[in-house]
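Reader: I have a model open on my screen and would like to know what stands behind the words used for it. Could you take me through them, one by one?

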Amino acid sequence: MGAVIRKILVVDNNATIVELLGSHLAAAGFEVVKAYDGLQALDRLVESQPLPDAIILDLIMPRLDGQRLTRFLKQDELYGHIPIVILTGIAREDEGQFKNFGADAYIAKGRVDDTMAHVLETFAWLERRSGPAERRETILGIEKLFPREMTRELLHMKGHLDTMLAMMAEGMLETDADDRILFANPAACALLGAEDRHLFGRTLPDVLDTPAVAGYLAEAPCGAGRPYGTLRIERGGRTLQLCATRLEERDNLCGAIVLLQDVTAAERRERTLRDLMEAIVQSAPVGLCLLGPAGKVLAANPAFASILRLPDSRVALGADLAASLTEAGLEPTDLIPLSGAPRDGEARPVEFTTTSYPERVVLTVSATDVPTAEGPRLLLLVEDVTEKAAMERDLRRVNEELAKASRAKSTFLSMVSHELRTPLSVVRGYLSLILENKIGPEPERVRDALRVADKRARHLQHLIEELLDLSRIETGRLVLRREPVDVRKHVLETVEMFRDEAERKAITVSVTMAEDLPAAMADHDKVHQILTNFLSNAVKFTGDGGRVEIGGRSAGPWLEYWVTDTGIGIPPDKVERIFEKFYQVESSDKRLYPGTGLGLAIVRMITAALGGKVRVQSEVGKGSTFTLTLPRAEAAAEPEAEPAAGPAAEAAPLPRRLRVLAVDDDADTLSMIRLLLPEDRFELIEARDAFEGLRAVHAAVPDVVLADALLPIMSGLELCRIVKTHPALGATRVIILSAAAQEDEIRSGFQVGADDYLVKPFSPQDLLERLGRIKA
Ligand code: ADP
C-alpha cells in the first residue's frame, strides 16, 4: 500500500494551471507547494520539510522539462520514492511513445475540474497500489484529447536532438542563469567524471573546480553565430576546452550552452609545434623580428640583434625598434618600411656600418605585413649577405680577369699564328724554290735564298723560345743561374748581332762602357736575352739615320746599363703598359713593326727574378732609354781567368780531337751533327739507339756523349745514368739533346748526371759552344 498523500508539489510553466490546480487541491485539503519550472521544482524539494507526498509535473517546460526532471528524481536516493504524476498535453497518437518514461501516472491536461477529478482518482490509485514499481499504464482523460500536429513535430525534433546529443563525442552542457547544470550529455558526463544526476543542479565552476570558469561564462557572447572565445583548463592531467554561448529569453540571460572538449592531444601537438617553431626561430641564421603597433618589438630572435651588430645580443621585448637602431648608429628607415614603403616580403639590399661595428655590412631586408587576430603585425627578416656579397664581388673580379685573360689569349693566339705562319711560309717558299731548282744555278743566289730562310727560321725559333720562356716563368719553373757575368762582353756580341740591320737603316750604334766595369751577378743566357730585346727594339723603332747608344756604369752595389735610341718614342700613357704581355703600342695588325709584344714582359719578369730592375724613359718623336739595373757580383773585382761560356771558347785550340758519340734515332739530326762538327777537331761516332750507343761507349770510351732524351725502348736519360755511374767512364761527359724545353725535363736530365742540356732546335754555334766547355 502506498503512503497517504497530503502534501503536493505542483510544477508547470503555465502559471494559470499551477494557480488553478493549486487552489482546487488546497480546497480539497491538500498542502500545495508551487513551482513554475523544473529548476524551481528542485529548489522547492530541497527546501521542503517534510518532502511532498506526490509531484504533479508538466511535461513540456523550458530549460528543465518534465521528462528530464523525472529521470533525475527517480534515480535519486532522497526523492526517488516520491510518486510523480505527469500532466501532459500529449496527442493521442503519441500516447504509447511517451507514457512510459518512468513516471508513476499520467493525466491528460483538460478542463481544470476534469483534471482535478483525474488527479484525485490517481492519488487514490497511488495510495492503493502495492508499491512504487507498479505504474499506471494509461493516461487518464486521454479520450478527450485530439491530435495536435505541432506538438507531434516538436516531439519528433526533440527525439532527434536527444539522439544527437547522446551520440556526440563532444560534451554538451546546459546551465541556468546561475551557472547550475541543467543538462549534461553522456560525453560531458564522461569528461567531468560523474553521472548526470550528480551533476544536476551543481554549478559548472564548482564541478570544474576552476573559478575562472565563472568569469568566462559571464563574458561569453549571447546567441549562436557569434565568434566564441574559448577557455582551456587543466583537470586531472587533461586539458579541457570550454566554448560557451549564453542564452537569452526576452532580453534576460537565462543560462548558457557549453561545449566541452578534451583537447589534451591537440594541446600537446600545438605545444610541440610551438616548441619546434621557437627552436627554429631561436636558432635560425636569419634575423626575425615581429613588430606591433607603433614599431614596438613583440618578438625577436638572437640572430636579429647579431646580424644588425647591435651591442646587446638581444632586442628587448616591448622596445621601440627605431629608437634602438638609431642608438646603434643605424638608419631605421632602411630596415623599417614607414608608411607607403613596400611591405611585400621582397628582400632588398641594405649596406651600413654602425658605431660599434665600423666594417661594411651588407644585408637583405624584407618586410611583410602579417594579419593576426590581434591586428596587423610587421615581420622583418634580415639576412647577412656580407660574405656572399664579397664572394660575388670577388667572383665578378675573377670573371672579369678571366674574360680579360681569355681576350688576351685569343689576341695572342691569332697574333702567334700570324707570327708563326709568316716566317714559315717564307722558309718553305725558299726551300721549295731551291728544291725545284727555280733559283737558278748560281751558288750565290742559292746562298742568298738560304740566308733569308735561315733568318726567318731563327725568328721562328726566337718566337718559340719567348713563348716557352713565358710559360716557364708563369708556371714557376724558371731556373736561373747565379754567376758573375761580364755584361760588356754580351753588349758587344749583341751589337754584332744587329750590325747588319743597323747598317741597312744607317743607324749609328755606339757603346760607351768602361772595360773594367765589374761583373754583374746574373745568368749569362738571361743577360744576353735582355740585351737582345733592348737592342732589337732600339733598332726596330728607330728610323733611318738614327742613333743607338749603349752605356753602363757602376752605382754602389748596383750596375746600370742603358740602351738609348733616337726612335719614335713611347706616349706617356703607354710607358708602363709596354711591360704587359702582348702589349704593343702599334698593334701588330698594322704590321708596321714585327714582334710579339712578349719581349719586355719577359725582360721585366726575368730581371725581377735576378733581383734587378728595368725602367724606361721616353718622349714621343725623340726617343727612348731602357735601363737595366743588376746587382754586382761579389767576385766582381777578380779578372776573368777563363770565360765560362761564349763564342770565345769555341775558338780555343783543343789539344786533340774530341771523341763525340752522337745517339739519336733521327737520321737528319745525326747528319746535321756530322756537318756541324769539323773533322779536324772532332771524331764522331754515331748510334741510332741507346743499345748501339752503349756498345759504342764501351768500345770507344768517348769524351762526350750527345744523347737524344727520347730514344725508343731505352731513353737517352737512362743511357746517361748508366754512363755516369760506370766506373770506367768517369771522364765521359754527357750532353742531353731534347726538344722538351720544360724545366722539370731539364732537371731530371741533371738528376741522372748529365753535364749539360741542349734544347732542340739548336744552332751550330750552340753546339760548338757546349762542346767547347768540355775539356778534352
Ligand atoms: P715587341 O717588340 O716584340 O713588340 P716588346 O715587349 O719588346 O715586344 O715591346 C713591346 C712594345 O713596346 C713594342 O711593340 C713597342 O710598341 C714598344 N717599344 C719597346 N721598345 C721600344 C723602343 N725602343 N722605342 C719605341 N717603342 C718601343
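Author: Gladly. Let us start with the polar contact: a pair of N or O atoms within 3.5 Å. One thing to keep in mind is that this is a predicted model.

Reader: What makes the pair formed by Val 585 and the ligand a polar contact?

Author: A polar backbone atom of Val 585 is 2.9 Å from an oxygen atom of the ligand. The cut-off is 3.5 Å, and 2.9 Å is within it, so the pair counts as a polar contact.

Reader: How do you know that the side chains of Gln 584 and Asn 533 make such contacts with the ligand too?

Author: By the same reasoning. For Gln 584, a polar side-chain atom lies 2.7 Å from an oxygen atom of the ligand. For Asn 533, an N or O atom of the side chain is 3.1 Å from a ligand oxygen. Both values are within 3.5 Å, so both pairs are polar contacts.

Reader: Which residues come nearest to the ligand?

Author: There are 20 residues around the ligand, and those that come nearest are Asn 537, Asp 565, Gln 584, Thr 596 and Leu 600.

Reader: Now for a residue in a loop. Why is Lys 438 called exposed?

Author: Its relative accessible area is 56%. Exposed means over 50%, so Lys 438 earns the word. You will find Lys 438 in the loop between helix 15 (386-435) and helix 16 (443-474). The side chains of Lys 438 and Glu 436 are joined by a polar contact of 2.8 Å.

Reader: And why is Ala 506 called partly exposed?

Author: Ala 506 has a relative accessible area of 48%. Buried is under 20% and exposed is over 50%, so a value of 48% falls in between and Ala 506 is partly exposed. Ala 506 sits in the loop between helix 18 (499-504) and strand 18 (508-512).

Reader: What is the phi of Ala 506?

Author: Phi is about 50°, a positive value, although Ala 506 is not a glycine. Val 701 also has a positive phi, near 40°, and is a residue other than glycine. The place of Val 701 is the loop between helix 23 (690-700) and strand 26 (704-708). Val 701 has 40% relative accessibility, between the 20% and 50% limits, so Val 701 counts as partly exposed.

Reader: What makes Ala 299 and Ala 26 partly exposed?

Author: The values are 34% for Ala 299 and 43% for Ala 26. Each lies between 20% and 50%, so each is partly exposed. Ala 299 belongs to strand 13 (residues 297-300), while Ala 26 is in helix 1 (residues 15-27). From Ala 299 to Gly 318, 19 residues apart in sequence, the C-alpha to C-alpha distance is 8.4 Å. Ala 26 and Lys 7 are 19 residues apart along the chain, and 9.7 Å separates their C-alpha atoms.

Reader: How do you know that Leu 771 is buried?

Author: Leu 771 has 0% relative accessibility, and buried means under 20%, so Leu 771 is buried. Leu 771 is part of helix 26 (residues 764-773). Arg 733 is 38 residues from Leu 771 in sequence, with their C-alpha atoms 9.7 Å apart.

Reader: Are Cys 289 and Cys 720 buried or exposed?

Author: Cys 289 comes to 0% and Cys 720 to 1%. Both values are under 20%, so both cysteines are buried.

Reader: How many disulfides are there?

Author: Zero. A disulfide needs two cysteine sulfur atoms within 2.5 Å, and the count by this rule is zero.

Reader: How many cavities of 30 Å³ or more does a search of the whole structure find?

Author: Two. The largest cavity has a volume of about 90 Å³. Ten residues line the largest cavity, and the closest to its centre are Arg 68, Arg 71, Phe 72, Asp 196 and Phe 200. Helix 3 gives the largest share of this lining, four residues. By class, the lining has five nonpolar, one polar and four charged residues.

Reader: Last one: where is the cis peptide bond that involves Pro 50?

Author: The cis peptide bond joins Gln 49 and Pro 50, with omega about -5°. Pro 50 lies in the loop between helix 2 (38-47) and strand 3 (54-58).

Conventions. Residues are numbered from 1 along each chain as its sequence is written. This is a predicted model: local features need pLDDT of at least 70, side-chain atom pairs count only at pLDDT 80 or more; totals for chains, interfaces and linings use all residues. Side-chain values use heavy atoms; hydrogens and water are left out. Buried means under 20% relative accessible area, exposed over 50%, partly exposed in between (1.4 Å probe, protein chains only). On a 1 Å grid over the protein atoms alone, a cavity is a set of points where a 1.4 Å probe fits but cannot get out, and a pocket is an open set with protein on both sides within 12 Å along at least five of seven lines; lining residues have an atom within 4 Å of a point. Grid points are joined across faces, edges and corners, and a volume is the space filled by probe spheres set on the points. Helices (H or I, at least four residues) and strands (E, at least two) are DSSP runs, numbered from the N terminus. Ala, Val, Leu, Ile, Met, Phe, Trp, Tyr, Cys and Pro count as nonpolar, Asp, Glu, Lys and Arg as charged, and the others, Gly among them, as polar. A residue is near a molecule or strand if one of its heavy atoms lies within 4 Å of it. A polar contact is a pair of N or O atoms within 3.5 Å; within protein, one must be able to donate a hydrogen and the other to accept it, and residues adjacent in sequence count only if both atoms are side-chain atoms.
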